[in-house]
Amino acid sequence: MTLLQFDEVRFAYGETVVLSRVGFSIAPGDVVALLGRNGVGKTTVTRLAVALAHPQRGEVIVAGETTRGRQPEDLAGRAAYLFQHPDRQLFARRTLDEVAFGPIQAERPRADALARARSALHAVGLEGHEDTHPHDLSATDRKLLALAAALAQTGDLLVLDEPTQGFDRPARDLVGARLRDHAGQGGAALVVTHDLGFVADWCDRALVLHDGRVAYDGPVPDLVRDQERVRVLGLRQPPAARVSVALRLAGQPVRHAEVSAALVPRCRDG
Amino acid sequence: MTIVFDRVSFTYPGSREPSLHGLSFHAARGQVTLLTGLLGAGCSTTVLVAAGVAPRLLGGSVEGDVTVLERNPGTAEGWRDLAGRVAVLLPTPWTQLSGMTFTVADEVAFGPANLGWDREEILDVAAVAMDQLSVTHLAQRDPATLSGGELQRVILAGLVAMRPDVYLLDEPTVELDPEAADAVYALLPTLAKTAAVLLTTTDSDRAVEVADSALYLESGQLVSAGSPCDVLGSERVVAAGAGVSVATLFRDAGARGPYPVDVAAAASRWMTA
Amino acid sequence: MTVGYLPGAGFLHRAHPFTAMAIGGGVAVLAFLLAPPAGPLAVLALGVALAMAAGVWRVLIPAAVISGPFWVFLFAIHGLFREAPLTALGLSARMTASIVAFLLVIAVVHPGRLVEALLARGVPFAAAYLLAAAIQIVPRFQNRARAILDAQRCRGLRLRGSPLRRVRAVVALAIPLVLSALAEVDEHALALETRGVGTGKRRTILHPPVDTPLDRAIRWAVLGVLAVAVLVTYP
């Protein structure tokens, strides 16, 4: 079963066609990057995926069920959405209640909801802040808090809009590792981002939107290695990939960890 | 010197620990100065203190001397003298719209108009600024309908149009796609020809390409300062996770510091090996 | 449903802001001056016609939503008395006409142009800004509320159900609305400062709204109509 499927989806705002024919599917275990220039319709895809919008033609299917005639709250147990600016969703007086909100809305027993919340807070490094007021956290921690809320809300589909925007490397890697954990436990993630370095390090697959269609749907390394294609799609080759190409590393890895591993012999000699 | 911090400490209201500890540095006209560090190291706070927002609007307490263009921006009088000369860009562009303009063109002209310049001159500088930030095609749009990326460039254009002597930029490209971010970074040296540019960002890969000097902060303290290559390729900075990607790659591969900060430097050192 | 400025190029959009406000104000006052129920009903028809002619018929939707309860309430009360339905009709028409006029004005007068018009007449910047902000507060809060509602629904918030559940839902919506607005106040103040607001310099008016002889004639005409209405109603 797929966790998210777009079949020939068309979506327009009035006269402006944003998506003319978009199709792809995401299975459990996938961490998929959604790439493309500003204004190309990435946010529209994410809103369609959680039933905040509905296609004018075609079908969006979440965990085996169409979103047609369904509302975001109907899907909340199967799909969680991390907004680009999470300040607009935080409301509880302490972080623990904030994260437990999703599970409680899904009518899980309170003790179970709180346990999920504690473990999600721990996963994003916010353990010890259970009683902190969300607005007393830094902007980065508030975003991690919203990620914890999404993790606690569903084990299935995560849809994340720029989850690492403004993050430094350690925070970025924390988010990447949590997405991998989530996928490893049978979930999946669709990540909108401009950071091709993050994509190379943490995503298996990339979808690139261009002119209302999916211009690329395939493995991340094939995309990232191809400097010309990366440029045409308005992206920027990440430094690890450029090093890999410039130093003609065997197998042309693009993931940070793989590139540095491939560099070990040279660094020992040099 | 355009911006001078002399043993500056700053404590946010309600906080016991200071966020900046005895910070001293200066930034000069003609240069892009990069302020870097992990999140929470105090870079954004430094921008707010340099802008005088802390303590003037946010409260809190400052020790030491903050001097921008020979004035103290943290006092009402100092800021009044600096009006129009210090441009501040925060990473939340939607809070920085004037809310009083009808079109992007007017939004960009808002600052110069407040300074009382001639109408013709304002229209000229606004047109140039819109061109520099590639937002000319948006000129007749209602600013309230722009995307985050468009908005961030429009706000920056509005600041550029004021021809300030100081730019304080906190994550100036956080809302932008890679091409637009590259274009903004490429513009910074041009802006620095007539101004001091103090930049803080977690995107050190781009920043290292345009910065003339770098300051590295940890826990509100200045730990190292110097050329961007020296700072962002140094053992301490790279080990902390705040270095550029290329340097981090080579440190992780077991090379000895100082590390190369760009692909060309790495290639020249290891290609033959 | 949007309350606030609607982009357009109809005759009221092109008119001087004071003219559009005079017309809107005239409609609202006239609805209360003329004898019910025929007078207010005619004025209401005039307001609706103006909205259609100005290309902002969409203001009629929120106007209907806002004034609907008045109609129900007034008819319910007056239904208790004989001959009262006509009174109810008059009152409801008055309310609705004023609401239409108000929404019409904020739909066609962009705060930016109003501010320019006020500044061109020598009104202080702070006063002009406060007015612009007050006009915009409703649409701004609406957009923000929509974004917050979206976010909370994605987390499973249901607006229906038991009273307790509904109270919780309102809290989940209202708190981010207020907190995020408060958090942005300082940043907005800084943004205005950094763009030269409050320097005490005389602001350059970029596009002083053109006040044509026709604009002035229309404003006098509105005043004339109101004067005649007063004389007719209170002879």
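**View 1. A six-stranded open sheet in chain B of this predicted model.** The strand order is 5-6-7-3-8-9, and the pairing is mixed. Strand 5 (86-89) and strand 9 (221-226) of chain B form the edges. Each of these two strands pairs on one side only. From one strand to the next, the twist averages 15°.

**View 2. Strand 3 beside strand 8 in the six-stranded sheet of chain B.** Strand 3 of chain B covers residues 32-36, and strand 8 of chain B covers residues 213-218. The two run parallel and are joined by four bridges. Look for Leu35(B): its opposite residue in strand 8 of chain B is Leu215(B). Helix 7 (residues 178-192) of chain B packs on this sheet. Helix 7 touches strand 3, strand 6 (166-170) and strand 7 (196-200) of chain B. Between the directions of helix 7 and strand 7 of chain B, the angle is about 150°.

**View 3. Strand 5 of chain B, an edge strand covered on both faces.** In a regular strand, side chains alternate between the two faces of the sheet. Here Val86(B) and Val88(B) lie on one side of the strand. Ala87(B) and Leu89(B) lie on the other. All four of these residues are buried. The partner is strand 6 of chain B, which runs parallel to strand 5 and is joined to it by four bridges. Within this pair, Ala87(B) stands opposite Tyr167(B).

**View 4. A three-stranded open sheet in chain B.** Its order is 2-1-4, with antiparallel pairing. The edges are strand 2 (20-27) and strand 4 (61-68) of chain B, each pairing on one side only. The twist averages 15° from one strand to the next. Strand 1 (residues 3-11) of chain B pairs with strand 2 of chain B over five bridges, in the antiparallel sense. Ile3(B) marks this pairing: it stands opposite Ala27(B) in strand 2 of chain B.

**View 5. Where chain B meets chain A.** The contact involves 32 residues of chain B and 34 residues of chain A. On the chain B side, helix 7, helix 11 (245-252) and helix 12 (263-270) each supply at least two residues. Helix 7 of chain B also appears in View 2, where it packs on the six-stranded sheet. By class, the chain B side has 18 nonpolar, seven polar and seven charged residues.

**View 6. Where chain A meets chain C.** Here 22 residues of chain A are in contact with 18 residues of chain C. Four elements of chain A give two or more residues to its side: helix 2 (72-75), strand 6 (79-82), helix 3 (95-105) and helix 5 (139-153). Helix 3 of chain A gives the largest share, three residues. The chain A side consists of twelve nonpolar, seven polar and three charged residues.

**View 7. Helix 3 of chain A, mostly covered.** Ten of its eleven residues are buried. Among them are Leu96(A), Val99(A), Phe101(A) and Ile104(A). Glu98(A) and Gln105(A) are buried too, as are Gly102(A) and Pro103(A). The cover over the buried residues includes strand 6, helix 4 (110-123) and helix 5 of chain A. Strand 6 and helix 5 of chain A also give residues to the side that touches chain C. Just after helix 3 of chain A comes Glu107(A), with a positive phi of about 60°.

How values were computed
Residues are numbered from 1 along each chain as its sequence is written. Chains are lettered from A and ligands numbered from 1 in the order in which they are written. This is a predicted model: local features need pLDDT of at least 70, side-chain atom pairs count only at pLDDT 80 or more; totals for chains, interfaces and linings use all residues. Two strands pair if DSSP finds at least two bridges between them. Axes are lines fitted to C-alpha atoms, for helices over the stretch in contact, and angles run from 0 to 180 degrees between N-to-C directions. Two residues are in contact if their C-beta atoms, placed from the backbone, lie within 7 Å. Ala, Val, Leu, Ile, Met, Phe, Trp, Tyr, Cys and Pro count as nonpolar, Asp, Glu, Lys and Arg as charged, and the others, Gly among them, as polar. A residue is buried if 20 or more other C-beta atoms lie within 10 Å of its own, exposed if 12 or fewer, and partly exposed in between; C-beta atoms are placed from the backbone.
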